[in-house]
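Please open the structure in the viewer and keep the selection tool at hand. The tour proceeds from the cysteines to a group of strands and then to the salt bridges.

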Amino acid sequence: MSLPQIFTRVRLLPPNSDLSKLHSKAVNHKYEDVNGVACESFQEAEDIYRKSVIMQTACDGSRDLRQEERPAQSDSLVIEPVKVDDIVMYYIEKMKTKELDIIKKRNAVIMKRDNRFVTFLSQSGKSLHAQFAREQFITLYQKIATGLQTRTYYYSPGINVLCQAEFPELVITHKDERRVQLIGNFISLERFETFLNGNTQRYSQYQTPNNTKVYETPSKQNVEQQKSIDQAKDEACPICLEPLKTSECTVLPKCKHRFCKDCLKRAFQLKPTCPICGEIYGSLTGTQPKEGSMTVSRDSSFLPGYAKYGTIVISYHIPSGRQGEEHPNPGMPYQGASRIAYLPDSTEGKKVLKLLQRAFNQRLTFTIGRSSTTGQNNVVTWNDIHHKTSRDGGPTCYGYADPDYLKRVQDELKAKGIY
C-alpha cells in the first residue's frame, strides 16, 4: 500500500514566508505564530514539501537551481537564451534561413542574436510560443552542429569564385588576412579537398596541411552488410567520388551507407556519425560531473492530460565538487544541484524514462557553466534536454498539460544519439 493510501491528510509547518510563495487554491492555509499550516491530501502536501525544500540550500553546499532557472508563470515570462557557437550559428544563418523562418513564423516569434546568445521574443506577448520556438531551435542547432567541420586554407580571391561555382554548400569566413575557413559537413569538405588535389597546379596556392587522427571503425561485416558491399561494386564513394572496391569498402550497420574505409576513418575523426544521414555510431559522452544519482519513484496521482496514468517522479542529485579537464575552469569548484522531474506512467512515458536514463549514464543530462537567469558561473545546469519540473502549470511553468512534450524531448534526445 502506498503512502498516499495510508495518509489521507497531512499537516506541514513551513515558514510563512515560504508558504506565501507556495500558495495554492487546492491547499488549505492558516497561520500559527511564525509558521503556516498547509493541510491537505498527502500528494498535495508532498508537492508543497518538495517545493519548500528546493528553496533551501542543501547541507553539502549544493542548491536546487530549478527555481532559479524557472521564472514565475506569466505572459511576460522571459525565456532563457540559448548559448551558441559563432561558427555554427554563422553557418545556420547562411545556409538554413528557410528552417529559421519556419520556426519564427510557426511560433510568431522574433529571434535575436546578441554576441554568443540567441533570444526569443513572442510577437503575441505569450511566452508559450517563445518557449516552443526555443526548443525547436535547439533541435535544429544540435542537428547541424553534430556533423559540422571547418578547414583552413590560404586566401586568394579565386577561392570565393571556386566555392560559389562548384561548392555552394560550403560557407567561407576570413580567419585572418592570409587565411580563410571553409565551413561544411565532412563530405563537402572532402570533395573540395579532392578537387584541389586533382588540380594541384592550378589550386596549390590554397592548400594548407591538416592534421587528422584515425578513428577505429567497425571491422566485422554481417550478411546484410556483405550484400551491400557486393552492391557497391559499381558505386562511387560519396566522399572521395572514387569507385568503391569490395576489399576497401565499409558498410555502416544501421543506415547501410557505404564508404571507402580510409574515407570513413577520416570522417569519424570529429564524431562517430554517418557523413550522409548523421546516424550516430558508438556512444557520445557529455561533460556532466561523474558523481551524481538519478532515482525513480512512482505515485498514483495523474498529470494533466494523462488522467488514465500515474506519475513517474525522477530525482536528480549532482553534488558539488571540482571541475575536471573537460569543464570550462579545470580545478575550480562548482556548485551542485538537486532537481525533480515528472513523466506520465504511460507506455510512451516509460519509453522516455529509459532514454533519459541512458542520457544520464552517458553524462549528457547536465553540464557545468553559467546560469543565464542568475548570472552565476560554475554551476550545474541543464544540457538542452528539456524536463518537466512541475506537475502542472502548462509549458510556461515547465509543467503539464503539454501534449507534444514527449515527442519533443525524444527529438532532443535523438539529436544526442539517444533513441
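A disulfide is counted where two cysteine sulfur atoms lie within 2.5 Å. The model on display is predicted, and a search of the whole structure finds zero disulfides.

**Stop 1: the cysteines**

Select C249 and C260. Why is there no bond at C249? The closest cysteine sulfur, that of C260, is 7.4 Å from the sulfur of C249, which is too far for a bond. C249 is buried, at 2% relative accessibility.

Next, select C274 and C255. The closest cysteine sulfur to that of C274 belongs to C255, at 3.7 Å, and this distance is also too far for a bond. C274 counts as buried, with 3% relative accessibility.

**Stop 2: strand β13 and its partners**

Select residues 311-318, which form strand β13. Six of its eight residues are buried, so the strand is largely enclosed by the rest of the structure.

Add residues 293-299, strand β12, to the selection; β12 pairs with β13 in the antiparallel sense over seven bridges. Within this pairing, T311 of β13 stands opposite D299.

Then add residues 337-344, strand β16. The pairing of β13 with β16 is antiparallel and runs over eight bridges. Here I340 in β16 is the bridge partner of S315.

**Stop 3: the salt bridges**

How many salt bridges does a search of the whole structure find? The search finds 10, and three of them are worth displaying in turn.

Begin with R113 and D86, whose side chains meet in a salt bridge at 3.2 Å, N to O. R113 lies in strand β5 (residues 109-114) and D86 in helix α5 (residues 86-95), so the pair ties together parts that are 27 residues apart in sequence. Both side chains belong to partly exposed residues: R113 has 32% relative accessibility, and D86 has 37%.

Move on to D345 and R298, which meet in a salt bridge of 3.1 Å, N to O. This pair links distant parts of the chain, with D345 in the loop between β16 and α13 (347-361) and R298 in strand β12, 47 residues apart. Is each partner buried or exposed? D345 is buried, with a relative accessible area of 18%, whereas R298 is partly exposed at 48%.

Finish with D402 and R408, where the closest N and O atoms of the salt bridge are 2.8 Å apart. D402 is buried at 2% relative accessibility, and R408 is buried at 12%. Add E135 and K388 to the selection: salt bridges that share partners join these residues with D402 and R408 into one network.

Note on methods
Residues numbered from 1 in each chain as written. Predicted model: local features only at pLDDT ≥ 70, side-chain atom pairs only at ≥ 80, totals over all residues. Heavy atoms only, no water. Buried < 20%, exposed > 50% of the residue type's maximum accessible area, 1.4 Å probe, protein only. Helix = DSSP H or I, 4+ residues; strand = E, 2+ residues; numbered from the N terminus. Pairing = 2+ DSSP bridges. Salt bridge = Lys/Arg side-chain N within 4 Å of Asp/Glu carboxyl O.
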